[in-house]
Amino acid sequence: MIKLENVTFSRADGQRSRKIVDQLSHQIEQGSQIALLGDSGAGKTTLLRLIGALEPLQQGKLWVNGTELSQLDATDRALHRRKQGVVFQDCQLLSTLSVRDNILLTYRLADGHGSPPLFEPLVEQLGISSLLDRMPQQLSGGEQQRVAIARALIHQPKLVLADEPTGNLDQTNSTVVCQLLQSLARQQGATLLMVTHSQRLAQQFRQNLILANGKLTAASNSNE
């Protein structure tokens with residue numbers, strides 16, 4: 001579960017301070033799948049980074065799966081981040097590692113030992129079993145994003161954060177990648193929070209949250 005209580009976060013804008021998140025209180029239940037929308041510059045990525053402990057809190061309280069992030073120092077935040085899965089728009093695969101080792105990296109950082117039990121079924125579902133010995137630069141954009149999803153889910157996190165994961169893909173690949181991410185997160189019982197500019201992709205989620213003027217408003221979809 002994610003719980004925000006009076007969270008406020010500001011950034012310098014010239015000589016002024018602009019509130020990105022303004023006394024925000026909201027709760028997201030475990031296992032929810034939510035598309036986070038808003039205008040460019042509204043602060044969607046910042047909010048995702050706060051929830052993911054990638055950005056330290058300035059004001060308010062924020063709990064993620066029972067852990068209050070404001071109580072964590074930099075070291076503990078880094079350890080906390082290893083428990084979650086993150087998918088970035090630009091994939092951020094390590095060019096010096098094979099597909100196999102890129103996927104296993106998160107598992108090893110999370111203190112996983114041996115071979116992860118999900119490895120074979122996960123790469124099979126994502127259709128990347130034949131790519132494991134290739135290097136990231138040998139893959140298409142859609143293939144790289146599938147590898148990034150595998151890396152994010154290999155250690156069975158309870159929270160998956162995706163920041164425009166389909167932003168660099170064409171419409172067909174965007175739909176496929178989004179559906180795979182949703183399906184796999186659902187199988188693992190993980191909460192999925194995905195930032196997107198695409199209304200079309202947002203319609204695949206039962207819940208939408210819209211960030212505007214530092215506040216969240218909820219919208220529901222009949223489709224998922």
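Contact here means heavy atoms within 4.5 Å, and helices (H or I, at least four residues) and strands (E, at least two) are DSSP runs numbered from the N terminus. The model is predicted: local features need pLDDT of at least 70, side-chain atom pairs count only at pLDDT 80 or more, and totals for chains, interfaces and linings use all residues. Residues are numbered from 1 along each chain as its sequence is written, and side-chain values use heavy atoms, with hydrogens and water left out.

The buried residues of H3 (under 20% relative accessible area with a 1.4 Å probe, protein chains only) pack against H4 and H5. They are Val99, Asn102, Ile103, Leu104, Thr106 and Tyr107. Just after H3, Asp111 takes a positive phi of about 70°.

A nonpolar core is a set of buried Ala, Val, Leu, Ile, Met, Phe, Trp, Tyr and Cys residues joined through side-chain atoms within 4.5 Å. In the largest one, of 39 residues, Ile103, Leu126, Ile128, Ile149 and Leu181 touch the most other members. Elements that each supply at least two residues of this core include those tabulated below.

| Element | Residues |
|---|---|
| Helix H3 | 99-109 |
| Helix H4 | 119-125 |
| Helix H5 | 141-153 |
| Helix H6 | 171-188 |

Apart from this core lies another, of 26 residues, among them Val7, Val21, Ile34 and Leu211. Leaving aside neighbours within four places in sequence, Leu181 is in contact with Val87, Ile149, Val160, Ala162, Pro165, Leu192 and Met194.

Notes. Buried means under 20% relative accessible area, exposed over 50%, partly exposed in between (1.4 Å probe, protein chains only).
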